[in-house]
Amino acid sequence: MRAVLPCAWLLAVVLACAGCTVRESADPGTTGVHAAPVRPVPLQQGSVFAPPSVQAMQADEFENPGMLWVARGAKLWRQPEGSGARSCADCHGDAGSMRGAATRYPQVDPASGQLLDLEGRIMQCRSERQQAAPLAWESEPLLALTAWVAFQSRGLPMQVSIDGPARPFFERGRERYQQRVGQMNLSCSQCHDANWGRQLGAETISQGHGTGYPVYRLEWQGAGSLQRRLRSCLSGVRAEMFPYGSQEHLELSLYLAWRAGGLAIEAPGVRR
Amino acid sequence: MDTGGTRIGRVAGMRPGTMATMASALLLAMTLMPAAASLAAAPAVDAIERPLVDGATDPLRGRAIALGRDGNCLLCHGLVDAGRPTGNLAPPLDGVAARLGAGQIRQRVVNPALTNPNTIMPAYFVVDGLRQVAEPWRGKPILDAQQIEDLVAWLQTLR
């Protein structure tokens, strides 16, 4: 029986391919074959794919609406909070102390072993060091503080660690990035690795970096976090969204941060 | 036939006759195949000849489905007279009926993975094998059988 099988197999393949024009007409770049977990080449900022008017808005510090959040963050940095009435500045000093901080997030907190993004670290300081009431995810003060801290790293290259305790988080993020999800059955990678630079309707798909976050998005008429953006992508493919602060978001963010390694932070970005 | 069912994807609201057509295509494919071959390597089902519903179809309604939020086809496909920006992740729909027969077009919309397992195009009439589908859409195909047939009717006008 074994002997006849190769023959039958060949016949089947020939039959199957007789009418398959689809393979020919498909650009190889549009299929899932580029799913390998590698950085896009060349690495390009999200703003590169935004319309020119939006790029101009981001580049001009006075036009960039995200700077309103940065300014508010600067105030909150000096504002005493919590039972000890201490401000962020009381522990950290001036803005210079935060230079480069955002390039190293998400990172594993050695004390708890938890993966923290920048927002998570700010909230941890607030609860443990200031003994202040927690800030809600996506609240204005949290976005403002995050935007201010991220702004201190503008122009500096991303350089997160994926070694040691970060490794398992990174691997899970990488897997999730390749996972097809939702009713539309698409993965992050199929859009942001295999199809960046192409048009999805009126939108140009970028390489999917988080280096501009928090961003001011015209569609939101406000600032939003990277987690909010990930929720938009998931809802776009009709997938269940991950909750704010979820492990899934953090792991994905770590993978994104590694993937953007060497790319400069451009927060606060402006997007359409 | 279990594996066959998975391969083609469980479809919703399909009438028995159509299922039989699809099933017999698969049966043919599977008898030609080494038993141990992986599902991904199964020979392609290139065409679904039987319409999913009997009765009238409306190409104009099909066009509205393609251009509107139900089908969202132009997110990826171009169309010369769309009248607005379209995507370019996929070949333009213009002239599709000159390239493919009705059965092939139906297959591409029902479950394009049958001819291209790596395709990024969603299967519009399959509910199996999907993960993490948001609640409002869980267990439902993207389009219903009538919508698929209206769509196929419109696509056949694109010569």
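**Exercise 1. Confidence along the two chains**

Chain B averages a pLDDT of 81, and 72% of its residues score at least 70; determine over which residues of chain B the pLDDT is below 50, and then consider chain A and the complex in this predicted model.

*Solution.* Begin at the start of chain B, where the pLDDT is below 50 over residues 1-8, a stretch that has 20 contacts in the model beyond near neighbours in sequence. Next comes the stretch of residues 15-41 of chain B, over which pLDDT stays under 50 and for which the model has 40 contacts beyond four places in sequence. Turning to chain A, one finds a mean pLDDT of 89, with 86% of the residues reaching 70 or more. Over residues 1-35 of chain A, however, the pLDDT is below 50, and this stretch has 48 contacts in the model beyond near neighbours in sequence. For the complex, the predictor gives an ipTM of 0.86 and a pTM of 0.86.

**Exercise 2. The make-up of chain B**

Work out how many helices and strands chain B has, and what share of its residues is buried.

*Solution.* The secondary structure of chain B comes to 6 helices and 0 strands, and read from the N terminus the elements run α-α-α-α-α-α. Of the 159 residues in chain B, 49% are buried. The accessible surface of this chain comes to about 7,300 Å², and 59% of that area belongs to carbon and sulfur atoms. Finally, among the contacts in chain B with a separation of 6 or more, 60% are accounted for by residues 24 or more positions apart.

**Exercise 3. A sheet in chain A**

For the open sheet of 3 strands in chain A, establish the strand order and explain why one side of β6 and of β7 is left without a neighbour.

*Solution.* The order of the strands is β6-β5-β7, and the pairing is mixed. Strands β6 (222-224) and β7 (269-271) of chain A stand at the edges with a single partner strand each, so one side of each is left without a neighbour in the sheet. From one strand to the next the twist averages 35°. Looking at one pairing in detail, β5 (residues 215-217) of chain A and β6(A) pair in the antiparallel sense over 3 bridges, and within β6(A) it is A:G224 that stands opposite A:V215.

**Exercise 4. Salt bridges and their surroundings**

Out of the 13 salt bridges that a search of the whole structure finds over all chains, take the pairs A:R121 with A:D109, A:R271 with A:E266, and A:E171 with A:R174, and decide for each whether the partners are buried or partly exposed.

*Solution.* In the pair of A:R121 and A:D109, the closest N and O atoms are 3.5 Å apart. This pair links distant parts of the chain, since A:R121 belongs to helix α6 (residues 118-129) of chain A, whereas A:D109 is in the loop between β1 (107-108) and β2 (115-116) of chain A, 12 residues apart. Both A:R121 and A:D109 are buried.

The side chains of A:R271 and A:E266 meet at 2.9 Å, N to O, and here too both partners are buried.

For A:E171 and A:R174 the N to O distance is 3.1 Å. The two residues are 3 positions apart in helix α8 (residues 167-178) of chain A, and are therefore separated by about one helical turn. Because the relative accessibility of A:E171 is 24%, this residue counts as partly exposed, and A:R174 is likewise partly exposed, with a relative accessible area of 24%. Salt bridges that share partners join A:R167, A:E171 and A:R174 into one network.

**Exercise 5. Backbone features in the loops of chain A**

Locate the cis peptide bonds from A:V41 to A:P42 and from A:A267 to A:P268, and then find where A:A85 and A:Q221, which have a positive phi although neither is a glycine, are placed.

*Solution.* The cis bond from A:V41 to A:P42 has omega near -10°, and A:P42 has its place in the loop between α2 (21-25) and α3 (52-59) of chain A. For the cis bond from A:A267 to A:P268, omega is near -5°, and A:P268 lies in the loop between α11 (247-259) and β7 of chain A.

The phi of A:A85 is about 50°; this residue lies in the loop between α4 (66-77) and α5 (88-92) of chain A, and at 46% relative accessibility A:A85 counts as partly exposed. The phi of A:Q221 is also about 50°. A:Q221 is found in the loop between β5 and β6 of chain A, and with a relative accessible area of 69%, over the cut-off of 50%, A:Q221 is exposed.

Conventions: Residues numbered from 1 in each chain as written. Chains lettered and ligands numbered in written order. Predicted model: local features only at pLDDT ≥ 70, side-chain atom pairs only at ≥ 80, totals over all residues. Heavy atoms only, no water. pLDDT = per-residue confidence, 0-100. Contact = heavy atoms within 4.5 Å. Pairing = 2+ DSSP bridges. Helix = DSSP H or I, 4+ residues; strand = E, 2+ residues; numbered from the N terminus. Axes fitted to C-alpha atoms, helices over the stretch in contact; angles between N-to-C directions. Buried < 20%, exposed > 50% of the residue type's maximum accessible area, 1.4 Å probe, protein only. Areas by Shrake-Rupley, 256 points an atom, 1.4 Å probe, with all protein chains shown as cover. Salt bridge = Lys/Arg side-chain N within 4 Å of Asp/Glu carboxyl O.
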